[in-house]
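Got the model open in your viewer? Here is a guided tour, one selection at a time.

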Amino acid sequence: MITEIENYSLKKLNTFGMDVTCRRLIGYTSPQDIPKILRMLKPGEKWFHLGGGSNVLFTDNYDGTILLNLGHNFTIYESGNSIYPPGTVFADAGAVLDDVIAAACEKGLWGIENLSGIPGTIGGAAVQNVGAYGQEIGNSIIQLLVYDTVESCQCIIMGEECDYGYRHSMFKEPENEGRYIILSVMLGLSAEPRPLLDYGNLRTVVGNTSPLSPTDMRNAVIETRRGKLPDPAETGSAGSFFKNPVLNADEFDRFTKRVGNNDFPHYALADGTFKIPAAWLIEKAGWKGHNDGNAAVWHKQPLVLVNSTGHATPSEILTLEHKIIDSVKEKFAIELIPEVIHI
Ligand SMILES: Cc1cc2nc3c(=O)[nH]c(=O)nc-3n(C[C@H](O)[C@H](O)[C@H](O)COP(=O)(O)OP(=O)(O)OC[C@H]3O[C@@H](n4cnc5c(N)ncnc54)[C@H](O)[C@@H]3O)c2cc1C
């Protein structure tokens, strides 16, 4: 079924709560609707496929068509069947990621429990390769059913073809922008316990719980996240606003000299580069908890910019973003890159 609405408010369709509109919204429930929808677009018309709107910043009213997958169904084959191995999950791309995680945990399946509490759809998660507490969804994706708008056909892309990396997938490559519409996601989870406890303070939160179930892990993750991140139901944000900068050896050396010591958080990566937490840079530049009109830097996690009053405009968020980028650049000679997609 296809639903078409002109001049639609996007306020409830983006977790930042930006009060903007799109010229047209087209919602659909079946993968078979896509060819018809693409024919409904005028030549050269701007369009964007939205998921749960949890990693985007609308910078203005959208002068084009927003596509939305309204299919929320998923099926979990915890014991498998003659075709699918145990732990197989099929989900419409529009299914809420956290609903899938909760149900998989309830069925005793491991593999995505540490992603609990991440907002958005499973389609958006497959594009962004969401990750938290040592898990990334890309590691559990067996295959995706997509519509290829260049070849005008449905096709299957295997998980290993998606080029998953840190918050990266082939779908984020500039040449693939707007090419693939993810229709459904197939995950491969496992009944074999494999808890990942060595991230954040999960081990402490879990305590002596034994035997540990995926739902116990899920609850520990949700509790841990609650202490750090704004609840999207109460405070608008898009999660981590900036990417963590990665420096090569020379840049890292210059950075260390600039800071005056190497007593700062950093992670040496296998390729000889160094990742510096953007949150640390922003905090040291004095932005943690800073209020700028209706926009603010979250007081518990400076990587998160928030719509603190619920009335922030895109330009208020953009102004704060640019002030932070300029100030971190001036203090550390590092240019922060936004992780949030600007539309
Ligand atoms: C409070 C909060 C906490 C967060 N915590 C985390 C975290 O811990 N880890 C993490 O990785 N992220 C986190 N995020 C970011 C965000 O939740 C994820 O990036 C999420 O996967 C985005 O999914 P979405 O459905 O909302 O996609 P959207 O934000 O709507 O879109 C993201 C991208 O996916 C594309 N897309 C969406 N659906 C489809 C589709 N069906 N076909 C083709 N393209 C599609 C869009 O075009 C866009 O390019 C957080 C966000 C918030 C607000």
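Before the first click, one cut-off: a residue is called buried when its relative accessible area is under 20%, exposed when it is over 50%, and partly exposed in between. Bear in mind as well that this is a predicted model.

**Stop 1: G87**

Select G87, which sits in the loop between β6 (74-77) and β7 (88-92). Is G87 buried or exposed? Its relative accessibility is 0%, so G87 is buried. Now show what surrounds it. Leaving out residues up to four places away in sequence, G87 touches Y77, E78, L109, L187, G188 and L189. Try a distance label too: from the C-alpha of G87 to the C-alpha of K107 you should read 9.1 Å, with the two positions 20 residues apart along the chain.

**Stop 2: the three domains**

Zoom out and color by domain. The chain splits into domain 1 (2-69), domain 2 (74-226) and domain 3 (236-342). How far apart are the centres of domain 2 and domain 3? Taken over C-alpha atoms, the separation is 27 Å. Where these two domains are in contact, four residues of domain 2 meet five residues of domain 3.

**Stop 3: L67**

Next, pick L67 in strand β5 (residues 62-69). L67 is another buried residue, because its relative accessibility is 0%. Beyond its neighbours within four places in sequence, L67 is in contact with I26, I37, W47, F48, H49, L50 and I181. For a link across the sequence, add E4 to the selection: L67 and E4 are 63 residues apart in sequence, yet their C-alpha atoms are 9.5 Å apart in space.

**Stop 4: the ligand**

Now select the ligand and show the residues around it. There are 34 of them, and H49, G51, G52, S54 and T121 come nearest. You have just met H49 as a contact of L67.

Turn on polar distances and work through three of them:

- From the side chain of S54, an N or O atom lies 2.6 Å from an oxygen atom of the ligand.
- The side chain of T121 places an N or O atom 2.7 Å from a ligand oxygen.
- At G131 the partner is the backbone: one of its polar atoms is 2.8 Å from a nitrogen atom of the ligand.

How much of the ligand does the protein cover up? On its own the ligand exposes 980 Å², and the protein buries 93% of that. Color the shell by secondary structure and you'll find that the elements giving two or more residues to it are β3 (47-50), α3, β8, β12 (180-188) and β13 (236-240). Which of them supplies the largest share? That is α3, with five residues. By residue type, the shell divides into 17 nonpolar, 15 polar and two charged residues.

**Stop 5: Q128 and N129**

Follow α3 along to Q128, which is part of that helix. Q128 counts as buried because its relative accessibility is 11%. Outside the four places either side in sequence, its contacts are N55, R167, H168, K172 and I341.

Step one residue on to N129, in the loop between α3 (122-128) and β8 (131-132). N129 is buried too, since its relative accessibility is 0%. Which side chain does the side chain of N129 make a polar contact with? Show E136: the two side chains make a polar contact at 3.2 Å. Again leaving aside neighbours within four places in sequence, N129 is in contact with E136, I137, G138, Y164, G165, R167 and H168. R167 and H168 were on the contact list of Q128 as well.

**Stop 6: backbone oddities**

Finish with the backbone. Most residues other than glycine have a negative phi, and most peptide bonds are trans.

Start at R167, in the loop between β11 (153-158) and β12. Phi of R167 is near 50°, a positive value in a residue that is not glycine. R167 has a relative accessible area of 22%, so it counts as partly exposed.

Then jump to A333, in the loop between α8 (314-332) and β20 (341-342). Its phi is positive as well, near 55°.

Last selection: P211, in the loop between α4 (202-206) and α5 (214-226). Is the peptide bond from S210 to P211 cis or trans? It is cis, with omega near -5°.

Terms used: Residues numbered from 1 in each chain as written. Predicted model: local features only at pLDDT ≥ 70, side-chain atom pairs only at ≥ 80, totals over all residues. Heavy atoms only, no water. Helix = DSSP H or I, 4+ residues; strand = E, 2+ residues; numbered from the N terminus. Buried < 20%, exposed > 50% of the residue type's maximum accessible area, 1.4 Å probe, protein only. Polar contact = N/O pair within 3.5 Å; in protein donor to acceptor, adjacent residues only side chain to side chain. Contact = heavy atoms within 4.5 Å. Near = heavy atom within 4 Å. Areas by Shrake-Rupley, 256 points an atom, 1.4 Å probe, with all protein chains shown as cover. Nonpolar A, V, L, I, M, F, W, Y, C, P; charged D, E, K, R; others polar. Domains from an automatic or database assignment.
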